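Here is a short tutorial on reading features from a model. A learner asks and a teacher replies.

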Amino acid sequence: MRILGIDPGLRRTGFGVIEAHGMRLSYIASGTIVVPAGEPLAQRLKVILDNLREVVASTRPDVSALEKVFVNTNPSSTLLLGQARGAALCALADSELLVHEYTALQIKKAVVGNGHAAKEQVQKMVQQLLALDGLPAADSADALACAICHAHAGPLAQRLQRAGGDATHRGRLRGGRFI
């Protein structure tokens with residue numbers, strides 16, 4: 001399964017593509033879409049949309065994973081981040097990719113084992129898990145971590161969804177835990 005992970009941002013949107021064969025992961029591609037700051041908002045969102053469409057066309061992922069927006073203390077920043085995330089969602093929907101969403105806590109926990117890990121820890125673990133020669137850039141590492149999170153959580157979620165039709169196996173995932 002080829003997974004596209006995205007770390008949305010209005011200034012910098014990270015993307016990472018991995019291939020998952022069971023528990024074995026391999027690196028395909030990653031990068032950062034740098035959005036020009038001086039452009040009007042609509043043009044900045046179009047840069048994200050167009051570039052992610054290009055990434056999907058060139059890497060041909062089977063599924064995508066996107067980091068969920070958190071609400072921080074600055075509502076204006078949260079709104080802008082949400083708009084960048086919306087542009088990413090549109091690119092994925094336009095490419096007819098199934099989108100799975102994970103919180104930063106879930107992603108860090110899946111990759112590092114600690115939901116409150118520092119960015120440097122995430123970068124180092126992504127480097128180790130994908131056997132990369134060098135440390136990936138922060139935005140690329142976050143996107144690759146999102147893809148790795150889905151590689152680990154996706155198969156369990158699919159099994160739980162299939163089992164959901166059976167009344168004796170009702171349950172769901174919440175916060176990365178089966179309840």
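Q: Which residue just after helix 1 takes a positive phi?
A: This is a predicted model, so read what follows as features of a prediction. As a general idea, most residues other than glycine have a negative phi. Here Arg60, just after helix 1, takes a positive phi of about 50°, although Arg60 is not a glycine. Arg60 is found in the loop between helix 1 and strand 4 (63-67).

Q: Is Arg60 buried or exposed?
A: The cut-off for exposed is over 50% relative accessible area. Arg60 has 60% relative accessibility, so Arg60 counts as exposed.

Q: Which residue in the loop between helix 2 and strand 5 has a phi near 60°?
A: That is Glu96, a residue other than glycine with a positive phi. Glu96 is found in the loop between helix 2 and strand 5 (99-102). Because its relative accessibility is 74%, Glu96 counts as exposed. Helix 4, for its part, is followed by Ala131, whose phi is positive, near 50°.

Q: How many residues does helix 1 have, and what span is expected for it?
A: Helix 1 covers residues 41-59, which makes 19 residues. From first C-alpha to last it reaches 27 Å, close to the 27 Å expected at 1.5 Å a residue.

Q: Which residues of helix 1 are buried, and where do they lie around the axis?
A: The general idea is that an α-helix has 3.6 residues a turn, so residues three or four places apart point the same way. In helix 1 the buried residues are Arg44, Leu45, Ile48, Leu49, Leu52, Val55, Val56 and Thr59. Seen down the axis of helix 1, they fall within an arc of 140°, so they line one face of the helix. On the other side of helix 1, Ala42, Glu54 and Ser58 are exposed.

Q: What do the buried residues of helix 1 pack against?
A: Their partners are strand 1 (2-7), strand 2 (12-21), strand 3 (24-34) and helix 2 (75-94).

Q: What can be read from a single residue of helix 1, such as Thr59?
A: Burial comes first, then the contacts. Thr59 has a relative accessible area of 7%, which means that it is buried. Leaving aside neighbours within four places in sequence, Thr59 is in contact with Arg2, Val17 and Ala29. A polar atom of the Thr59 side chain lies 2.7 Å from the backbone oxygen of Val55. Thr59 and Ile28 are 31 residues apart in sequence, and their C-alpha atoms are 7.9 Å apart in space.

Q: Which residues of helix 4 are buried, and which are exposed on the other side?
A: In helix 4 (residues 119-129), the buried ones are Val122, Gln123, Val126 and Gln127. Seen down the axis of helix 4, these buried residues fall within an arc of 135°, so they line one face of the helix. Glu120 and Gln128 are exposed on the other side of helix 4.

Q: Which residues does the UniProt annotation "binding site" cover?
A: An annotation comes from a record, and its positions can then be located in the model. According to the unreviewed UniProt entry, "binding site" covers Asp7 and Asp139. They are spread over 133 residues of sequence, yet they cluster in space, with a largest C-alpha distance of 6.6 Å.

Q: Where is Asp7 found, and what is it in contact with?
A: Asp7 is found in strand 1. With 8% relative accessibility, Asp7 counts as buried. Beyond its neighbours within four places in sequence, Asp7 is in contact with Arg12, Thr13, Gly14, Glu67, Asp139, Asp142 and Ala143.

Q: Where is Asp139 found, and what is it in contact with?
A: Asp139 is found in helix 5 (residues 138-163). Asp139 counts as buried, at 16% relative accessibility. Leaving aside neighbours within four places in sequence, its contacts are Asp7, Arg12, Gly14 and Thr32. The side chains of Asp139 and Arg12 are joined by a polar contact of 2.7 Å.

Q: What does Asp142 touch?
A: Asp142 is found in helix 5 and counts as buried at 10% relative accessibility. Not counting residues up to four places away in sequence, Asp142 touches Asp7, Lys119 and Val122. A polar contact of 2.4 Å joins the side chains of Asp142 and Lys119.

Definitions and conventions
Residues numbered from 1 in each chain as written. Predicted model: local features only at pLDDT ≥ 70, side-chain atom pairs only at ≥ 80, totals over all residues. Heavy atoms only, no water. Helix = DSSP H or I, 4+ residues; strand = E, 2+ residues; numbered from the N terminus. Expected span 1.5 Å × (residues − 1). Buried < 20%, exposed > 50% of the residue type's maximum accessible area, 1.4 Å probe, protein only. Arc of directions from axis to C-beta. Contact = heavy atoms within 4.5 Å. UniProt positions renumbered as here; feature names shortened; annotations may be inferred. Polar contact = N/O pair within 3.5 Å; in protein donor to acceptor, adjacent residues only side chain to side chain.
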